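Here are a few notes to read alongside the model, set out as numbered points. I hope they help as you look through it.

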Amino acid sequence: MNSYAIARIFTRIGDLMEIQGENAFKIRAYRSAASTMQELTESLDVLAERGELRSIPGIGDAIAAKTRDILATGTCDLYERLKAQVPESLTELLGLPGFGPKKIRTVWEALSVRSLDDLEQAAKDQRLRTVPGLGAKSEETILESIGALRRRRERIPIGVALPYAQALVRMLEATGAFTRLEVVGSVRRRKDLVSDIDLLGSAADIGGALDAFANHSEIIRVLERSPDRVAACGQSGVRVELAVVTDGEWGTALVQSTGSAEHVAALGALHAAAEEDQVYQSLGLPAIPVELREGRGEIEAAKAGRLPKLIEARDVQGILHAHSTWSDGSASIAQMAETARKLGYSYHGNTDHSHALSVTGGLDEARLREQMAEINALNASFAAEGSSFRVLRGIECDVLQDGSLDLAIEILSELDFVIASVHMHQRMDEATMTARIVRALESGVVDLLAHPTGRILGMRDPYPVDMERVIDAALANGVALEINAYPDRLDLHEVHARRAQEQGVLISLNTDAHRPDHLALLSYGISQARRAWLEAEDVINCWPLDRLMRWLQTRAR
């Protein structure tokens, strides 16, 4: 059994445990293990054979033992016990906003609802209103949410598609049937949402390579086949299409299968080339970065020598949006800071939630002052050991329903920086939501607006907001806008981020980390920033600490 299939079992264990109301830390442990397993470059069976499962970050004795059981039998006792207790089909209801595990269990027990279809029918039959805590309005909202969820499920978040595509490449490379193999299409361009996964291979025996794919254990069924292409359904339910060419055609095929239809059409006729760069050279163009190949003016910019010097991971000097155990994080400020230091950053912004978002255990004024003292002491210890690394004192302050901030301006002004965020009351009309956010930006104390449209990919659509007005307000008040790199968010969308940069608004690129390993998720945000044509100069946390602090101290407050 491959690593990705085992990761799916641990993800499902976490989902079933959540419906049962299990301890949140246990649930997080299984989901974290699944996430780590999806990104492994070496297969779990090899690691198990060498006795190295415990060397994988986040894999303890219990999960290691279950992994060995799954490798041996295809399952484990915990998974089978959970499936016997909770219908596995209920897990698809977890994607409904506002319909948490308790409600899922309630409608299952009260109405025998076992799936999304069952829930939809119960709402249509007006049976949900017979359940305590639900009513006619709930039925209407649930039907709207089910429709939205089904529309979203037509596309796959990049945070799901990319690890799966990379795992497929590793599995297929192990067959020895390919000379080269790459993820292509919208996944290679790092679009935030994709409809399927495209792979390109080269091989001396094209038919044999296609057979290796079609007959692989990860493939459920073949949907279509031609002499050089196979479309199939993978174990995850995702459509995967593999094209195979000769080595001499590789470069041209890579360009054609990577770029959007608009980009490829604008290139015109292409000659066969063995390498990708040769294709662009033959057209008198520099190689166009993969993320820009969308048909949005990149070819004209290349011809004119105006392609941007896109931001790279090495440009980022620190993270300005991260959480600790002071609110809903899983590690102390010191642990988060130490991880940031090991990643090569020179500063780390700690931004726990303010107290309005009670579910996070956020900070009131008294606890915020205690935290500030802890950070001051931590920075003193860094200085004592001769380190210039610094933890910045920040907060993620909720924007309340009327646009005011969750904490007093006076205490916020004592911090190094302030993030404003909307977490509650998201079902406003566009005009009201826009006015709410603009008022917060005009407070004079906000430095950064986090995840500005509130979307969660595959789960929640953006709330209605006029981003042009928000961008104008950010510019007028010297507020930076965030690209939230957490793969479930990727908010701002690249189009809005590019528009903001063109208007002169600065960007901050953050992971919104709640655990130390979340800091490594920045790569998703880097891709989003590159798709927005951003350079390092456009991103405030690509600046050295002294420049960042000068900007924070002089911008608007």
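1. Let me begin with Glu-537, which is partly exposed, its relative accessible area being 46%. Please keep in mind throughout that this is a predicted model. Glu-537 pairs with Arg-547 in a salt bridge whose closest N and O atoms are 2.6 Å apart. The two residues are 10 apart and link distant parts of the chain: Glu-537 sits in the loop between helix H22 (522–531) and helix H23 (545–554), while Arg-547 belongs to helix H23. Arg-547 also counts as partly exposed, at 28% relative accessibility.

2. Next, have a look at Arg-393 and Asp-416, which form a salt bridge with 3.5 Å between the closest N and O atoms. Arg-393 comes from strand S10 (residues 390–398) and Asp-416 from the loop between helix H18 (409–412) and strand S11 (419–421), so this pair ties together parts that are 23 residues apart in sequence. Are these two residues buried or exposed? Arg-393 is buried, with a relative accessible area of 18%, and Asp-416 counts as buried at 10%.

3. Another salt bridge to check joins the side chains of Glu-120 and Arg-150, at 2.9 Å from N to O. Because Glu-120 lies in helix H7 (residues 116–124) and Arg-150 in helix H8 (residues 136–152), the pair ties together parts that are 30 residues apart in sequence. Glu-120 has a relative accessible area of 19% and is buried; the cut-off for buried is under 20%. Arg-150, with 31%, is partly exposed.

4. How many salt bridges does the structure hold? There are 42. You may also like to display the network of salt bridges that links Arg-189, Glu-294, Arg-296, Glu-494 and Arg-531.

5. My last point concerns helix H19, which covers residues 430–441. From first C-alpha to last, its 12 residues reach 17 Å, close to the 16 Å expected at 1.5 Å a residue. At its N-terminal end, Asp-429 acts as a cap, with a side-chain oxygen 3.2 Å from the backbone nitrogen of Ala-431. The buried residues of H19 are worth colouring in your viewer; among them are Met-433, Ile-437, Val-438 and Leu-441, along with Thr-434 and Arg-436. What do the buried residues of H19 pack against? Their partners are strand S12 (448–449) and helix H20 (467–477).

Methods. Residues numbered from 1 in each chain as written. Predicted model: local features only at pLDDT ≥ 70, side-chain atom pairs only at ≥ 80, totals over all residues. Heavy atoms only, no water. Helix = DSSP H or I, 4+ residues; strand = E, 2+ residues; numbered from the N terminus. Expected span 1.5 Å × (residues − 1). Buried < 20%, exposed > 50% of the residue type's maximum accessible area, 1.4 Å probe, protein only. Contact = heavy atoms within 4.5 Å. Polar contact = N/O pair within 3.5 Å; in protein donor to acceptor, adjacent residues only side chain to side chain. Salt bridge = Lys/Arg side-chain N within 4 Å of Asp/Glu carboxyl O.
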